[in-house]
Every structure is written in C-alpha cells, then in structure tokens.
Amino acid sequence: MPQKNQLPDITENSADTLVYDREILNIGSSDFILIDEVSVKEEKNVKTYCTLIANKTKSAFKRKNIPKRLPFLQWWPTYSKEDCIGDLLAGITVGLTLIPQSMSFAALAGLPPQYGLYTSFIGSLMYVFLGTCKEVPVGPTAIVSLMTYNTLNGRGPVYGTLLCFLTGVIQLIMGIVGLGFLIDFISGPVNAGFTSAVAILIVMSQVKDIIGITAGGSTLLDMIVSLSKDIGNYRIGDIVLGSICFVVILFLRMIALIHVGPEVNSKRTKVQRIINQTIWLIGTFRNSIVIVVTTFIGFLYVNSLDYDVTSNELPPIPFKIIGKVPPGLPDFDFPKFSIMRENGTTVGFFEMVSNMGSGVIVLPIIALIENLSICKTFSLGKPVDATQELMAIGLCNIGNSFFHAMPGSGSFSRCAVNTASGVRTPMEGLYSGILVMVALLFCTPYFYYIPKSALAAIIIAAVIFMVEIRVVKPIYRSKKSDLIPGLGTFFACLLLHMEIGILIGVGLNLISILYHAARPKLSIRVNTTRSGINYLMMTPDRCLIFPSVDYVRKIIIKHSLKQNLPVVIDCSHIYGADFTAAKVIELLTIDFSRRGQLLFFYNLKPSLVNVFEGVRPKDFNIRLFYEFREIDQLLHKHMTINSTPED
C-alpha cells in the first residue's frame with residue numbers, strides 16, 4: 001500500500017507520454033499532438049456519448065468535488081477567532097471605501113446612485129460561499145460601469161437590471177461549458193491598451209460633473225463635441241469643489257505610502273507602528289473622508305436656504321448635489337423581461353436585448369477578464385480555479401439582478417485595500433456587505449447632500465492610474481510587434497465603441513497568430529553524404545496545416561528546381577497535419593516522381609504517415625527513413641541504378 005503523501009508512480013514510455021498509475025494523462029486539444037504510434041480509434045455512437053455524459057455528471061456530484069463548487073467548505077472548518085478579527089477589520093475598511101465608490105460608479109453607468117449600493121451587498125454575500133480568492137470584493141467597477149453606460153445608452157434602471165441578469169447567465173454558462181479559454185485570446189498588450197483607453201474615456205466622462213455642465217457620448221470624439229456645446233454653462237462652484245476634492249484625494253493617497261521608522265516593521269517601535277497605521281487608515285479612507293466633508297458642506301448650504309429637501313427640484317446652491325435617494329433595501333423582484341411604452345405597446349425580451357446591442361456579450365467577458373486578472377495577481381503563484389471563478393461571478397450577478405442591481409465584478413483598487421487590511425478569508429465580503437446594507441437603511445437621507453463633483457473627483461482619482469504607460473517600454477524591449485495590437489486596441493477603443501475596439505485588438509492578435517501559422521520557417525542547406533553525393537536538406541519548424549502547406553510546397557519546389565538535387569525533408573518538428581496537407585504532400589510526391597527527382601522524408605511520425613495515406617489508400621507511397629545513416633545508403637542505391645524503386 002502506498003503511503004498517504006506518496007506521489008503516484010510516474011513512468012515514461014517510448015512515445016514520451018507520461019503515465020500515472022497505468023493511466024495516460026491527456027490534457028488539452030489532441031488535434032496536433034505528437035504521437036509516434038497509431039492507435040485504433042474507437043467508434044462512438046449515441047450510447048457511448050450518453051454513457052460519457054452520465055459518467056461526467058456522476059463525477060461532478062461526487063462528494064470529493066463538492067468543496068470545489070462550494071469553496072467555503074475548505075476554509076470554514078478551520079475558521080478561527082484571529083481570522084474573524086482580520087476579516088472584520090478588512091470588511092469595515094473595504095465597506096467604507098466601497099460605499100462612496102459604488103455611488104460614483106452608478107453615476108458613471110448613467111444610473112441613480114442607489115443602484116451602485118444595490119450592486120454591493122448581495123454579490124458580496126454570495127461570493128463568501130462561492131469565491132476562491134479572499135481578496136475579491138464583488139461590486140461595481142470603473143470599466144464595467146462605463147461599458148454599462150455605453151450598453152444602456154440612457155435606457156434606465158430596468159435595462160440595467162436585465163443587463164446584470166444576462167451578464168450573470170452568460171458568465172455562468174461560460175463556466176459550466178468550459179468557455180473560459182476565450183479569455184486567453186485577449187493578450188497582455190491588448191488588455192493594457194483597452195484598460196488605458198477606458199481610463200481616458202472615464203476621465204472624459206466625468207469632466208462634465210467637475211465643471212457642472214451636461215454632456216454625453218460613448219467615444220472620445222463624441223464626448224469632446226458634447227462638452228464643447230455646453231461648456232459655456234460651467235459652474236465655478238463645481239469646478240472649485242471638484243478640483244479641491246481631486247487634489248485632496250491624491251494627497252491622501254500619497255500620505256498612505258509614508259512610513260515612519262525602519263523599513264522592516266518588526267524593528268519599529270510601538271509608537272511608530274501606531275503612527276504608520278493611523279497614516280495608512282487616513283490615506284485608505286480618503287474617499288470616505290472627502291464624501292463626509294463635502295456632504296457636510298452641502299448640508300450647510302442647503303439648510304442655510306431653509307430648502308424643502310422633499311422637493312424633486314435641486315436647491316439653488318453653487319454646486320450640483322445628488323438629490324433624493326430612496327431609503328431602505330431594494331425589494332426582491334425578478335428582472336423585467338418586457339416593459340410597457342408610454343403609448344401602451346410592449347417591448348419584448350428580444351427587442352430589449354437587441355436595443356442593448358453587442359455589449360450584452362462583450363461586457364460579461366470584460367468583467368471576467370478583470371476578475372480573473374485580480375485572482376492571478378493576488379494568488380501569489382497558486383493555481384486559480386478559473387471555472388469556479390466564472391461560475392461564482394456569474395451567480396453573484398444573477399443574485400444581484402433580483403435586487404435591482406447593475407453588473408459588477410472584482411475591483412483592483414478594493415482588492416489592494418483588502419490585502420493591506422489583513423484579509424484572511426472570503427468572509428470579509430459578509431462584513432462589507434452588511435456595512436452597505438446599514439448605509440442603505442440609515443444613511444440615505446444624508447446622501448441627498450453629496451456633491452456630484454466630489455463623486456466625479458473620486459472616479460477620476462481612481463482611474464488615472466489605470467493608464468498603463470509603464471508597460472510600453474517592456475513590450476518594446478521584449479517584442480516590438482506586440483505594440484501593434486496594443487496600440488491598435490487603444491486607439492480603436494478611443495475612437496470607436498469599446499466593444500468594437502476590443503474586437504479589433506483580438507482580431508489583430510489572431511492575424512499575428514495566423515500569419516506565423518501560415519509562414520513557417522524553413523531551414524535549407526546543401527549536405528553531402530559520406531559517398532560524396534550532394535542533397536538538399538529542408539527542415540520546416542512546425543506542423544503542416546492548411547494555412548501553411550501551400551507556402552511550404554512552393555518553397556520546396558522553388559529550391560528543388562534551382563538546385564536540381566535529391567531533396568530530404570526533415571520532419572522532426574512536424575508534429576501534426578491535416579487533410580489539406582495530405583493532399584499537398586500527395587501532389588508534391590507526384591510532381592517529384594514525374595520529373596525523376598528524388599524526394600525523401602526523414603523522421604516522419606507514423607501518425608502523420610497515417611494522415612497522408614488517408615487521401616489515397618492505394619498507390620500512394622512515400623520514401624521514409626528514420627536513421628540518419630540510411631540516407632547515405634538510400635541515395636547511393638538510387639544514384640547507382642538511376643531509378644526510383646519503392647521503399
């Protein structure tokens with residue numbers, strides 16, 4: 001009997017395939033894998049597929065797999081008092097950061113501020129049980145909010161709740177059927193270009209609230225034109241208050257980085273540690289501090305006028321304020337799949353989805369990219385269960401949609417606060433969610449006085465650091481061609497709609513991949529055997545599939561005619577082929593045979609021979625050899641008798 005912690009026996013067969021306990025471990029696509037031996041394929045029928053599905057379903061509900069789908073079962077049995085204290089402190093810290101941020105991001109999405117708060121508690125509570133990354137606090141984010149704004153295009157909260165539901169459903173389906181690999185098509189440069197463009201668009205979208213005017217637009221040009229039309233109606237009060245808030249937030253952010261005493265925390269005195277912790281808390285709560293102070297200023301202005309705050313009209317003070325916010329928690333309700341127009345006609349589900357456009361598909365993918373990037377960043381090298389994260393975020397958005405929320409995801413800024421606050425487990429989401437619920441129950445009367453320019457300053461101060469200028473130099477030093485999809489995505493997202501911009505970036509990446517697949521490198525040189533016979537050695541560096549095989553054939557024919565020597569194709573690096581490649585190899589062998597020029601294949605895998613022979617089961621013969629010393633004998637034999645017998 002093997003010991004409990006003993007690793008499984010690992011052997012290595014002749015085909016270099018790892019074998020674990022007599023079972024071959026195959027992972028990933030098998031279309032172009034290196035196989036030296038040709039196995040008999042098992043015929044599959046309906047019964048076979050039904051059995052396969054039944055086995056997979058049975059495996060999914062095995063007791064050992066339940067903790068994978070309910071990750072809290074892994075850490076809850078060992079949850080300690082120290083974990084509770086750490087999570088409580090982190091939850092309070094994140095909650096105080098989340099409340100002003102969520103209202104700001106709701107305004108960015110073009111929705112009333114309470115919808116940002118609605119997005120910040122149910123998802124957080126659900127993620128406690130479903131999430132795998134303790135640092136992730138689910139809620140509204142800058143990128144998702146801007147994409148929500150562009151997708152809704154001013155259609156209101158009903159569409160926003162439906163978008164949240166559809167986002168969750170798409171994310172959940174992607175997790176269940178394993179479509180998370182689609183995220184891999186968005187490379188680092190494309191992601192950097194997209195994030196930088198979105199940061200600039202978010203800043204431009206908030207300029208209107210900083211200067212107190214009305215503007216809109218989904219592209220950079222539209223925003224500039226819209227701002228220029230109403231620039232004459234600027235308000236000095238909003239400009240002064242917004243600018244001061246922005247400067248104060250940046251100043252407090254810098255303060256949070258200051259440390260008193262030695263660099264190593266263990267060498268600091270107790271007083272130094274208290275001072276550092278106090279400085280860090282002040283810097284971390286910068287958004288809450290700004291909101292509290294500016295809300296008090298708004299309260300003083302409004303009360304100095306003895307204004308009726310129950311009125312739907314905003315008071316005539318020097319800056320714009322949020323106004324009435326409905327008190328209490330949102331009602332539990334299903335998302336609306338149809339709505340009534342003012343003329344009495346009904347807008348059906350499919351028409352509502354059509355009105356929102358391609359953002360319904362792109363937004364869930366972007367939200368998943370943001371969340372998985374956070375998980376990978378804060379995992380400290382540990383593997384991330386992407387499937388579970390896809391399902392967790394999807395279920396959180398579905399749950400949020402029953403409480404009138406907008407789409408959400410994990411946030412980098414709040415994750416950083418979470419980590420610095422000493423979070424221990426995902427239980428942090430419970431405490432931050434409860435804090436948001438308390439704010440909705442008891443603090444909404446005070447939200448009336450919050451200046452819009454203060455919320456805009458919070459957003460701008462949060463996203464200006466998302467412009468990833470620092471990655472340009474490393475990309476340039478590493479591989480200059482990667483700047484093309486990165487810069488292409490950046491300018492496309494600025495000048496066009498964001499979903500079109502990200503698709504252009506992915507398209508540029510795919511073009512690069514396809515180009516390299518269609519233009520393999522061929523090494524060509526003239527070799528001489530021991531008997532003094534010259535021959536042309538050609539070595540392709542990758543597999544032969546339909547985009548590249550015609551190019552390879554033209555190169556082989558061109559140089560074989562030019563040199564007029566026997567040709568040897570070194571197939572050591574050819575690990576896969578398809579039907580098109582087989583047809584081209586057939587034409588190539590026929591062409592060489594007709595003009596009497598010798599063609600040999602060195603180290604051609606038996607699995608590829610099987611593919612090539614599949615196009616012509618009869619009278620299709622290719623000259624093969626697997627030992628390099630055989631080439632001398634084969635060439636000498638053919639040169640001596642001046643013929644081309646079969647091998």
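**Two cavities and a buried serine**

Trainee: Which helices each supply at least two residues of the lining of the second largest cavity?

Mentor: They are α6 (122-130) and α18 (428-442). Helices here are DSSP runs of H or I with at least four residues, and strands are E runs of at least two, numbered from the N terminus. Remember that this is a predicted model, where local features need pLDDT of at least 70 and side-chain atom pairs count only at pLDDT 80 or more, while totals for chains, interfaces and linings use all residues. Residues are numbered from 1 along each chain as its sequence is written, and side-chain values use heavy atoms, leaving out hydrogens and water.

Trainee: What counts as a cavity, and how many of 30 Å³ or more are there?

Mentor: A cavity is a set of points, on a 1 Å grid over the protein atoms alone, where a 1.4 Å probe fits but cannot get out; lining residues have an atom within 4 Å of a point. Points join across faces, edges and corners, and volume is the space filled by probe spheres set on them. The structure holds two cavities of 30 Å³ or more. The second largest has a volume of about 30 Å³, and its lining includes Y127 and V128 along with E428 and S432.

Trainee: How does the lining of that second largest cavity divide by class?

Mentor: Six residues are nonpolar, three polar and one charged. Nonpolar covers Ala, Val, Leu, Ile, Met, Phe, Trp, Tyr, Cys and Pro; Asp, Glu, Lys and Arg are charged; the others, Gly among them, are polar.

Trainee: What about the largest cavity, and which residues lie nearest its centre?

Mentor: About 110 Å³ of space lies in it. Of the 15 lining residues, L544, V552, I556, I569 and I585 lie nearest the centre. The lining of this largest cavity has 14 nonpolar residues, no polar ones and one charged. Both α24 (546-563) and α25 (579-594) supply at least two residues each, with α24 giving the most, four.

Trainee: Let's take one residue: is S453 buried or exposed?

Mentor: Buried means under 20% relative accessible area, exposed over 50%, partly exposed in between (1.4 Å probe, protein chains only). S453 sits in helix α20 (residues 452-463) and is buried, because its relative accessible area is 0%. Leaving aside residues up to four places away in sequence, S453 touches D209, I210, D238, L241 and G242; a contact has heavy atoms within 4.5 Å.

Trainee: And how many helices and strands does the chain have?

Mentor: There are 27 helices and 12 strands. Of the chain's 647 residues, 46% count as buried. Contacts between residues at least 6 apart in sequence join residues at least 24 apart in 75% of cases.

Terms used: On a 1 Å grid over the protein atoms alone, a cavity is a set of points where a 1.4 Å probe fits but cannot get out, and a pocket is an open set with protein on both sides within 12 Å along at least five of seven lines; lining residues have an atom within 4 Å of a point.
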